[in-house]
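Please look over the chain below from its N terminus onward. The paragraphs that follow take up a handful of its residues in turn.

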Amino acid sequence: MANPKRRHSKARTAKRRAHDALAPTHLGKCPQCHEPTLPHHICPHCGYYRGRQVKAVEDE
């Protein structure tokens, strides 16, 4: 196995890690209530998923 001969500086390590940041989650619109929802998830506002009501939601 190859081993590093010298340690990497903090600046070099930071440059390498510059692309490791997490991307923000992209929200879509619910076709029923037009509220922002996560993709492939039940809408927490109306309880619909793929055009069907999956979960009963109480109206406030």
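Helices and strands are taken here as DSSP runs, a helix needing at least four residues of H or I and a strand at least two of E, and they are numbered from the N terminus. The model is a predicted one. With elements named in this way, Cys-30 falls in the loop between β1 and β2.

Cys-30 is a convenient place to begin. Its relative accessibility is 4%, so Cys-30 counts as buried, the cut-off for that class being under 20%. Setting aside neighbours within four places in sequence, Cys-30 has contacts with Glu-35, Thr-37, Cys-43 and Cys-46. Of these partners, Cys-46 is 16 residues away along the chain, and the two C-alpha atoms are separated by 8.8 Å.

Another of the partners of Cys-30 is Thr-37, which belongs to strand β2, residues 36-37. Is Thr-37 buried or exposed? Thr-37 is buried, because its relative accessibility is 10% and the class takes values under 20%. Not counting residues up to four places away in sequence, Thr-37 touches Leu-27, Gly-28, Lys-29, Cys-30, Cys-43 and Pro-44. His-26 can also be placed relative to Thr-37: they are 11 residues apart in sequence, with 8.9 Å between their C-alpha atoms.

The loop between α1 and β1, the latter being residues 28-29, contains Thr-25. Thr-25 has a relative accessible area of 63% and is therefore exposed, as exposed means over 50%. From Thr-25 to Pro-39 there are 14 residues in sequence and 9.3 Å in space, C-alpha to C-alpha.

Toward the N terminus, His-8 sits in the segment before α1. Its relative accessible area is 40%, so His-8 is partly exposed, a class that lies between the buried and exposed cut-offs of 20% and 50%. Apart from neighbours within four places in sequence, His-8 contacts Thr-13 and Arg-16. His-8 and Pro-24 are 16 residues apart in sequence, and their C-alpha atoms are 30 Å apart.

Arg-16, one of the two contacts of His-8, is part of helix α1, which covers residues 10-16. Arg-16 has a relative accessible area of 49% and is therefore partly exposed. On the surface, Arg-16 joins Arg-12, Lys-15 and Arg-17 in a patch of positive charge. Why can Arg-16 be a member of such a patch while being only partly exposed? Membership asks for over 30% relative accessible area and no salt bridge, and the 49% of Arg-16 passes the area condition because that condition is set at over 30%.

Two residues remain, both picked out by their backbone angles. Most residues other than glycine have a negative phi. His-34 has a positive phi, near 60°, and is not a glycine. His-34 is in the loop between β1 and β2, the loop that also holds Cys-30. Whereas Cys-30 is buried at 4% relative accessibility, His-34 is exposed, with a relative accessible area of 54%.

Which value of phi does Arg-50 have? Phi of Arg-50 is about 55°, again positive in a residue that is not a glycine. Arg-50 lies in the loop between β3, residues 48-49, and β4, residues 52-53. With a relative accessible area of 75%, Arg-50 is exposed.

Technical notes: Residues are numbered from 1 along each chain as its sequence is written. This is a predicted model: local features need pLDDT of at least 70, side-chain atom pairs count only at pLDDT 80 or more; totals for chains, interfaces and linings use all residues. Side-chain values use heavy atoms; hydrogens and water are left out. Patches are made of residues with over 30% relative accessible area and no salt bridge: like charges are joined within 9 Å, nonpolar side chains (Val, Leu, Ile, Met, Phe, Trp, Tyr) within 5 Å. Accessible areas come from the Shrake-Rupley method with a 1.4 Å probe; for residues, only the protein chains shown count as cover. A salt bridge is a side-chain nitrogen of Lys or Arg within 4 Å of a carboxyl oxygen of Asp or Glu. Lys and Arg count as positive and Asp and Glu as negative; His and the chain ends are not counted. The place of a charge is taken as NZ of Lys, CZ of Arg, CG of Asp or CD of Glu. Buried means under 20% relative accessible area, exposed over 50%, partly exposed in between (1.4 Å probe, protein chains only). Contact means heavy atoms within 4.5 Å.
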